[in-house]
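The exercises below ask the reader to reason from a set of coordinates about charged pairs, a pocket, a helix face and backbone angles. Each task is followed by a solution that goes step by step.

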Amino acid sequence: MRLKNYIRKMHLWLGLSSGLVVFIVAVTGCLYAFQSEIQDLLQPYRYVTPQETAVLPPSKIWEAADEALPDKHLHAVLYPKAERAAMAIYYSFEEHYYYFVYVNPYTGMVQKVKDEYADFFRIILDGHFYLWLPPEIGQPVVASFTLIFLVMVVSGLVLWWPKKKVNLKQALKIRWNARWRRRNFDLHRVLGFYVMVFALIFALTGLVWGFSWFRDAVFYTTTGGKSFIEYYTPLSDSIQVSEANTPAIDQVWAKMNRLYPDADWIEVHPAENEHGAIAANANPDADTYWKMDYRYFDQYSLEEITVDHVWGRFPEAGFGEKLNRMNYDIHVGAIAGLPGKFLAFCLSALIASLPITGCMIWWGRRKKPGKAGKETKVLNRKQSKTLVEA
């Protein structure tokens, strides 16, 4: 019993200290759940009318995008399905910019230059990841409170657990006809139990991004002892030079189209410098990321280069590598399709309610009369009875 009281106090004070952060992270996660579907509805420049003519190669998309957005560094050119615009992606961490240039792949006409950092959902995502703080500050803060939330979920289960089996049915119900304090207590306790498993999944997948030591530990455990290797782009062999007149990025794109004719999207990354390779990826399912095939080609000889990190060929990935790739899709519910996203949306909303109901429990108990107040009420009742009898 004494142990449970200690756990109750720990749960209370950890909840009060982390409640605001948990609420913000849960609400922003809830808002972000359907960002892709909402943007498809509200942003018509994402679409084009399919034509019988062939689409333009990446070098032409790059050229058109450069005219609309000069003096920026091209990160990649992405080709979605036939009815969608190609995307020239411009990104620089040092100069802090991130643009999508939507280009009609049949005509080369620029349909929209979009600043991703000014986008509503990007702002929501920054709140979810960093609490709108600088990333070097916000990321460890969010990760630390996520770890606290993980402890709270486990301690909440201990506090929920009924003393007797006969009380189990009651512990799974909300008494809607009770007084508001009781209803609020049931909402916190019962809903907390129902979302517990999913809250653990959200927390654990979030910690994979939050702490490198946690990611490395999970990777080591699930791969049978392998060390996690950070992403890198391999080097090209500058001695060998291709004699083809076609730009190397176009040749890689054409090769990817031959290799993946049914892909939902194909993306090519120009070499970052004279020593870098051309990176390319193909995704068989545009609604998720984990099954993408990543390939790397020497920018001079166009020979394929192998890598030993997670982002290589999908068929060569083991269980641990695939689980690491799944992390984002599991976190947002996309791993289970649209129903999974809807479930993630609802669960995030319920998790956001837990700090509110928990704070109301604490506040309500502070306002309840103490022992002295109870003794006064009993004394008053006795005095009233004496006066009546007299």
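A salt bridge here is a side-chain nitrogen of Lys or Arg within 4 Å of a carboxyl oxygen of Asp or Glu. The model is a predicted one.

**Exercise 1. Determine whether Glu 230 and Arg 215 form a salt bridge, and describe where the two partners lie.**

Solution. The side chains of Glu 230 and Arg 215 approach to 3.0 Å, N to O, and therefore satisfy the cut-off of 4 Å for a salt bridge. Glu 230 is found in the loop between helix H9 (212–222) and helix H10 (248–259), whereas Arg 215 belongs to helix H9, so the pair ties together parts that are 15 residues apart in sequence. For the surroundings of each partner, the limit for buried is a relative accessible area under 20%, and partly exposed covers values from there up to 50%. Glu 230 counts as partly exposed because its relative accessibility is 48%, while Arg 215, with a relative accessible area of 14%, is buried.

**Exercise 2. Examine two further salt bridges of the structure, and state which residues are joined into one network.**

Solution. The structure holds 13 salt bridges. In one of them, the side chains of Asp 119 and Lys 114 meet at 3.2 Å, N to O; Asp 119 counts as buried because its relative accessibility is 11%, and Lys 114 counts as buried because its value is 7%. In another, the side chains of Arg 46 and Asp 40 meet at 3.4 Å, N to O, and both Arg 46 and Asp 40 are buried. Salt bridges with shared partners join Asp 40, Arg 46 and Arg 84 into one network.

**Exercise 3. Characterise the second largest pocket by its volume, its lining and the elements that supply that lining.**

Solution. The second largest pocket contains about 870 Å³ of space. Its lining has 32 residues, of which His 11, Leu 159, His 188, Gly 358 and Ile 361 are the closest to the centre. Two or more lining residues come from each of helix H1 (2–32), helix H5 (135–160), helix H7 (180–194), helix H8 (196–210) and helix H12 (337–367). The largest share, nine residues, is given by H1. Sorted by character, the lining comprises 20 nonpolar, eight polar and four charged residues.

**Exercise 4. Decide how the buried residues of H9 are arranged around the helix axis, and find what they pack against.**

Solution. The buried residues of H9 are Phe 214, Arg 215 and Phe 219. Viewed down the axis of H9, these residues fall within an arc of 130 degrees, so they line one face of the helix. They pack against H8 and H11. After H9 comes Gly 224, which has a positive phi, near 75 degrees.

**Exercise 5. Locate Trp 132 and Leu 302, and compare their backbone angles with the general expectation for phi.**

Solution. Most residues other than glycine have a negative phi. Trp 132 has a positive phi, near 65 degrees, and lies in the loop between helix H4 (120–130) and H5. Leu 302 also has a positive phi, near 65 degrees, and is placed in the loop between strand S7 (293–297) and helix H11 (319–332). Trp 132 counts as partly exposed because its relative accessibility is 46%, whereas Leu 302 counts as buried because its value is 17%.

Conventions
Residues are numbered from 1 along each chain as its sequence is written. This is a predicted model: local features need pLDDT of at least 70, side-chain atom pairs count only at pLDDT 80 or more; totals for chains, interfaces and linings use all residues. Side-chain values use heavy atoms; hydrogens and water are left out. On a 1 Å grid over the protein atoms alone, a cavity is a set of points where a 1.4 Å probe fits but cannot get out, and a pocket is an open set with protein on both sides within 12 Å along at least five of seven lines; lining residues have an atom within 4 Å of a point. Grid points are joined across faces, edges and corners, and a volume is the space filled by probe spheres set on the points. Helices (H or I, at least four residues) and strands (E, at least two) are DSSP runs, numbered from the N terminus. Ala, Val, Leu, Ile, Met, Phe, Trp, Tyr, Cys and Pro count as nonpolar, Asp, Glu, Lys and Arg as charged, and the others, Gly among them, as polar. Buried means under 20% relative accessible area, exposed over 50%, partly exposed in between (1.4 Å probe, protein chains only). The arc is that of the directions from the helix axis to the C-beta atoms. Contact means heavy atoms within 4.5 Å.
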